[in-house]
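Reader: Hey, I've got this model open and I'm a bit lost. Can you walk me through it?

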Amino acid sequence: MIERQKRMGAELLNLLGNKRVYWDGASGTLLQAHGLRSGELPETWNLSHPEEIIEVGASYYRAGANIVNTNTFGANALKFPENLEDIVTAAVHHTCAAREKVMRELSERGEKPQDMFVALDIGPTGKLLEPMGDLPFEEAVGLFAQVVRCGAAAGADLVLIETMNDTYEAKAAVLAAKENCDLPVCVTTTYDGNGTLLTGGTPDVVVALLEGLGVDALGINCGLGPQQMMPIVKRLLETASVPVIVNPNAGLPHTENGQTIYDIGPDQFAEYMREIAQMGAHVLGGCCGTTPEHIRKMIRVTGDIPVTMPQKKHRTVVTSFSKAIQIGGKPVVIGERINPTGKKKFQAALREHNIEYIISQGLEQEESGAAILDVNVGLPDIDEPAMMKEVVTSLQAVSALPLQIDTSDPKALEAALRCYNGKPMINSVNGKTESIESVMPLVKKYGGVLVGLALDETGIPPDAGGRVAVAQKIYEAADRYGIDRCDIVIDGLAMAVSSDSKGALTTLETIRRVRKEMNGYTILGVSNISFGLPRREIINSTFLTMALQEGLSCAIINPNNEPMMRAVKAFCALSDMDPQFETYIGTYAGTKADVTASYATAGPAASGGNAEVTGMSLGECVEKGLSERARRAAQEGLAGHESMELIDGELIPALDRVGKGFEKGTLYLPQLLMAAEAAQAAFEVIRESMQGSETQTKGRIIMATVKNDIHDIGKNIVKVMLENYGFEVIDLGKDVPPETIVDCAVREDIQLVGLSALMTTTVVSMEETIKMLRAVKPETKIMVGGAVMTQEYADKIGADCYSKDAMGAVRYAESLFHGA
Amino acid sequence: MQQKIDKKEVWRYLGYRGGAQPDDETAQVIDECIGQVAAAAVPKYALAWVPVVFDQNEPDTLLLGDMRVASKNLCRHLQGCHEAAVFAATVGIGVDRLIKKAAVTGMARTAMLQAAGAAAVEAVCDDINGQIRLEAGRRGCLCKTRYSPGFGDFKLSHQPEVLGMLNAAKKAGITLTDGYLMIPSKSVTAVIGIYKEAVKDE
């Protein structure tokens, strides 16, 4: 079996590279004609109606298809926990039997059979992956792996992963296929009329991600008819280096008497497919609504169109789930701020597991105009692979920017590459054999654009010639590992010019020579150049301009630093890379040269900022919900007051006034929250001034949204309010199992637990949590809240307090802890 | 085209009731949030018309197409209906991302985006409702009001069947968590009873 599969796999790959290949069409409609009821799972027929399944497959081989799918689109352990293996094995056997049947028929008639293959069909799980959904990535890989192992063992010739509308799920499926069999892997995704996946991916993103993972062919299926697919097919053909598959529906659906009808018949379908073949698509087939007749006619009218085989496109592309950044045109700004080096606050955030702080650093850089975010979370005393995975997962939930995985730990690198939703940038490999051997296999497996540092066993070459030689070595290593040279970007190494006055020139020459002699792209961590010098941004921004002039492709900088971004924008405007000066004018029109940039000396901010604050006390700023002003008022206030005076005399009374207004119904939730945020901003300033001295908390409280419930906004509102009133909140998050809450309450000896549930169905989890907690730690008080909660409900499930809103929770906590 | 969102509805979700209005500054931030949600929303839906058959042997039980539902409330709501339009609608995962992102920096905007998202999916439902009413009218029928799994004793555990019959994962990208909650979170499933004119709406 294995030998035969290998031979078939090789034959298929050969065919894909040389001839037009035809896929089958829909099977659902045919099965319905055989009596499958709507609502009945088609895969169950593999066991109950083998003859019908074989006949459907045979009808497509008879129509001339080269590849016929097994009836396993929805087969996974979520839907078939008990008999998945039987269903998949039977399905593969049926399609193999269909092939034999048609081969026999043809040989009886003395006709030569076409090449025929059996594709193990894999569709989406029907669940959305974490962090947007609740299916963990590795569980998705596991679900697909089961199907792949069964299907390969049963004799499938290739794997087709299809109808994917989420790049992340597609990635999970490809990894499962690659890790569990040696069969060729093809992937088709489903696009919207506007050319994106439901989860936001564009053709550029999908192509980069799938080719990075090493699929053998990719394309589009379902969702649209052939006509609507054409613009997307065009883009796929422009970007893909592997064969492109096009399996459209038979037009667009409408309903007639409860039946879904597709509006394109076989002849019209064939005509459109002829056009698509002329565009250069390599593999043609059908999806929903297509029949053997559609496929037969399509094959007939496309047979004479010459096949142009895919060419390597050599595009250097980095992507997130939705955004593709091409390297080699306009310079690409990579934000360097997610990095603990030399940053006490960031280091503390890593140690305290303050993921939100880390994420906020990313969002801030996105605002400032970074195109890619560098992610470095390496500290000697933390679990870097776990932290890397968590930060990458959390970042890609909220930011659409591609990431640059920056680590020297191969385990952390693999953890990040695995869970990354896109084609990342990887920082870095160098010329050392050990580095090449640990990093390049990972890049080959997961895909990515790799930064190659121009240093090796002998250290950093002092001259450009030495650095170019290391670059050459890295390119050659990439060749050996089968990594396209366009996926390498060379770091020419910016070193402190204060210790070597020729250092900057050496770096610039390296950039120039990599570009000219090797046609390569380059990258620099720009700010290293000014290490040890005053007013570093002066040196940095000028050096950046010089490097850009030499052709630097990517600059790792602090995008929040205005002089650096100015250098980039001015360079683009001056180099014909900013059409109509759109970016330059959009950024700077109507702005004034700021004082600091032209004259100011280092020191406390000029007094101009205070004028705005004057006339409004800290308390008033908080009451009005003005965060920025509250921050400045707090800074000012600290000049003449003790921090506790500010807290007790201004902040708390202001919060109380807002809280009372909210309770009376004269103020509303947005005002309450804006005031809370302004107070938080002020607290932050005051807390920084108090560093070192003990801060007292009024009490420690656990907050959690109960198991099975994913609504955490209400819980977070309560948390913010409690914190403002001086309580320490241990936030266990959402969908929290009762055991976790109970364990934490016991371990931390907590006196008050706040539980939130939004749905009637999840109040059950709340009740369970209360029961468990009462059994183990009866003295702990429990307050509950959430949209469906009422006093009556709360009494019924045995809570100590029902709070209808955030202020209610604050009042209860105060009464409890003051009483204690 | 951008999803339209009723500003008054957003205010109502944020607690402004009985004619109360946000002050100018707050209203401005709310407007910004509405704009962001409208831009991020990608409305999608899946719809099916199914026969309604009341079980003669089992009280308070009916068939919606192939789906068997035991629910006193739903049976009462669909009294006199021979057919139902079942639909699932969403404004897409982009709105969830927007809300998640806002939650990193502050709760005020998060709550506003949340309210705007809820109003957006309501607006999508209203559009679909309108289409259903038109189609019902063509058939000489009238519509009952919307009724969703999770209301009364119409159990949320019917969600997999409802989304399954609509093929909502494929058509609209609506999926479920293990606890039967919909993702994207700003999604709605509902049943609208269809009846001949003689029967009165409740």
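Author: Sure, one term to begin with: helices (H or I, at least four residues) and strands (E, at least two) are DSSP runs, numbered from the N terminus. Also, this is a predicted model, where local features need pLDDT of at least 70 and side-chain atom pairs count only at pLDDT 80 or more, while totals for chains, interfaces and linings use all residues. Residues are numbered from 1 along each chain as its sequence is written, chains are lettered from A and ligands numbered from 1 in the order in which they are written, and side-chain values use heavy atoms, leaving out hydrogens and water.

Reader: Okay, how far apart are Glu293(A) and Lys297(A) in their helix?

Author: They sit 4 residues apart in helix H11 (residues 292–302) of chain A, which means that about one helical turn separates them. Their side chains form a salt bridge, with N to O at 3.5 Å. That term means a side-chain nitrogen of Lys or Arg within 4 Å of a carboxyl oxygen of Asp or Glu.

Reader: And how many salt bridges over all chains?

Author: The structure holds 58. Across the interface of chain A and chain B there are 3. Lys101(B) makes a salt bridge with Glu366(A), with the closest N and O atoms 3.5 Å apart.

Reader: Which elements of chain A give two or more residues to the side touching chain B?

Author: Helices H13 (355–368), H14 (384–398), H27 (669–689), H28 (713–724) and H30 of chain A. H27(A) gives the most, with 6 residues. By class, that side of chain A has 21 nonpolar, 15 polar and 9 charged residues. Here Ala, Val, Leu, Ile, Met, Phe, Trp, Tyr, Cys and Pro count as nonpolar, Asp, Glu, Lys and Arg as charged, and the others, Gly among them, as polar.

Reader: What area is buried between chain A and chain B?

Author: About 3700 Å², with carbon and sulfur atoms giving 66% of it. Buried area is the accessible area (1.4 Å probe) that two parts lose on being put together, summed over both. Met132(A), Tyr668(A) and Ile713(A) supply 16% of what chain A buries against chain B, more than any other three residues. The contact (heavy atoms within 4.5 Å) takes 45 residues from chain A and 39 residues from chain B.

Reader: New topic: what's the strand order in the open sheet of 5 strands?

Author: In chain A the order is E22-E21-E23-E24-E25, with parallel pairing. Strands E22 (728–731) and E25 (801–802) of chain A are at the edges with a single partner strand each, so one side of each has no neighbour in the sheet. Two strands pair if DSSP finds at least two bridges between them. Strand E21 (residues 700–705) of chain A pairs with E22(A) over 4 bridges, and Arg700(A) stands opposite Glu728(A).

Reader: What about chain B, how do E1(B) and E2(B) run?

Author: Strand E1 (residues 44–54) and strand E2 (residues 61–64) of chain B run antiparallel, joined by 3 bridges. Their hairpin has 6 residues between the strands, and Asp60(B) there takes a positive phi near 55°. E2(B) also pairs antiparallel with strand E3 (residues 67–70) of chain B, over 4 bridges.

Reader: Any oddities in the backbone? Like, which peptide bond at Pro131(A) is cis?

Author: The one from Glu130(A) to Pro131(A), with omega near 0°. Pro131(A) is in the loop between strand E3 (117–122) and helix H6 (137–154) of chain A. Another cis bond joins Ile183(B) and Pro184(B), with omega about 0°. For background, most residues other than glycine have a negative phi, and most peptide bonds are trans.
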